[in-house]
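New to this one? Take a moment to look it over, then read on for a quick tour.

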Amino acid sequence: MSKPAAVIDKSLLQAICEQDAAEKRSAYYKILSKHYQVVVTLVLVEEIWVNVAKPNEKTPPTVLANMRDFLRLHDSWIADPLEIAFAELVKGESVKPLPRPANNLEHSFSILRPDDPALVSWVTERSRQTESIIRQRVKEYADILPTDKFASFKNGREFFELIRVKFVEMLGNSSRKRKMLEGVLGLTFRANHPGLSKEIDKAFESYSLETFEKYQATLNCIIGAMFYRYAPLCKIAPIGDSNEAIKILSRRFRGQFNNLADERYVQSALLCDRLLTRDKGMHNVMTLLKDCGFWDGVSVFIDPKKDLEIQISGSII
């Protein structure tokens, strides 16, 4: 029996790589590799690239070196989820097994230097775009609801029904459908494939209520993006004896700053069997997607407040 494919995010990888003893890090890797085919996503690589070009005290050089070594040792890299969706929707290709990133991307990581002008420029622009997008989202949220107000749902299935209804409504209206597809997919599709504009237009025009189920990777990208757009405005009713509604994702600027990267982890994990993370927000999203039947995998949450060794040794699913 093949091992489940498991996306590991930077929060967990960094915690492992912060261990001083090489033997302990190696033991953790062996445990993960015994249970899973550990998958390296492009967003994880990008986050490490950022630390290479822009070091910070939270990621000491030794930890960064350990993370880079991890990437070199693990061969199960997959392409960015939007590139996988492009291959599926526009090029009509099978995406099983999951495609790898372009060879030049993998090679470039192995030769990166912190002072590479292209890398420094890319990191600066990435940060600028992220801040701009999040500020715009926070403003949009404030226009919809005051910052101390949330839309309440009885459970995750009821919240997912909101997403499903919005999705169906957009596909049923040509202008709304096009706006949604351009926003979630088009910006990346057109930037990465400028010579295929007509093919992209044709694929978007044919994407409909009758055809969307044929394109699972594409649907994963759309649903993942919709979760991260709507979830910060919503809370789930209290569970058990708790009197406090459960916040899915923060809607404040600082709390959302990692959401764009987390969205890509989620989109990648939806193509796999597991997500391994210490990020509570990402875990909440994946758990909701599982509970409502959209995903049949498992989100494995390694609690930052608890002992790492005990959890990895005894709680891996």
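The protein chain exposes about 16400 Å², and 52% of that area is supplied by carbon and sulfur atoms. Keep in mind that this is a predicted model. As for what sits inside, buried residues account for 47% of the 317 residues.

Charges come next. The protein chain has 45 positive and 41 negative charges, and the mean positions of the two sets lie 2 Å apart.

What is the chain built from? It holds 15 helices and 7 strands. Its radius of gyration is 20 Å, close to the 20 Å given by the globule rule for 317 residues, so the protein chain is as compact as a globular protein of that length. Along the principal axes, the C-alpha trace spans about 55 × 55 × 45 Å. How do the contacts run along the sequence? Of those between residues at least 6 apart in sequence, 72% join residues at least 24 apart.

Here are some of the percentages side by side:

| Item | Value |
|---|---|
| Buried residues among the 317 residues | 47% |
| Exposed area supplied by carbon and sulfur atoms | 52% |
| Contacts (residues at least 6 apart) that join residues at least 24 apart | 72% |

Now zoom in on a single residue, Glu199. Where does Glu199 sit? Its place is in helix α10, which covers residues 197–206. Glu199 has a relative accessible area of 39%; partly exposed means between 20% and 50%, so Glu199 counts as partly exposed. For a sense of distance, take Thr277: Glu199 and Thr277 are 78 residues apart in sequence, and their C-alpha atoms are 37 Å apart in space.

Conventions
Residues numbered from 1 in each chain as written. Predicted model: local features only at pLDDT ≥ 70, side-chain atom pairs only at ≥ 80, totals over all residues. Heavy atoms only, no water. Helix = DSSP H or I, 4+ residues; strand = E, 2+ residues; numbered from the N terminus. Rg over C-alpha atoms; globule rule 2.2 N^0.38 Å. Buried < 20%, exposed > 50% of the residue type's maximum accessible area, 1.4 Å probe, protein only. Contact = heavy atoms within 4.5 Å. Areas by Shrake-Rupley, 256 points an atom, 1.4 Å probe, with all protein chains shown as cover. Lys, Arg positive; Asp, Glu negative; His and termini not counted. Charge placed at Lys NZ, Arg CZ, Asp CG, Glu CD.
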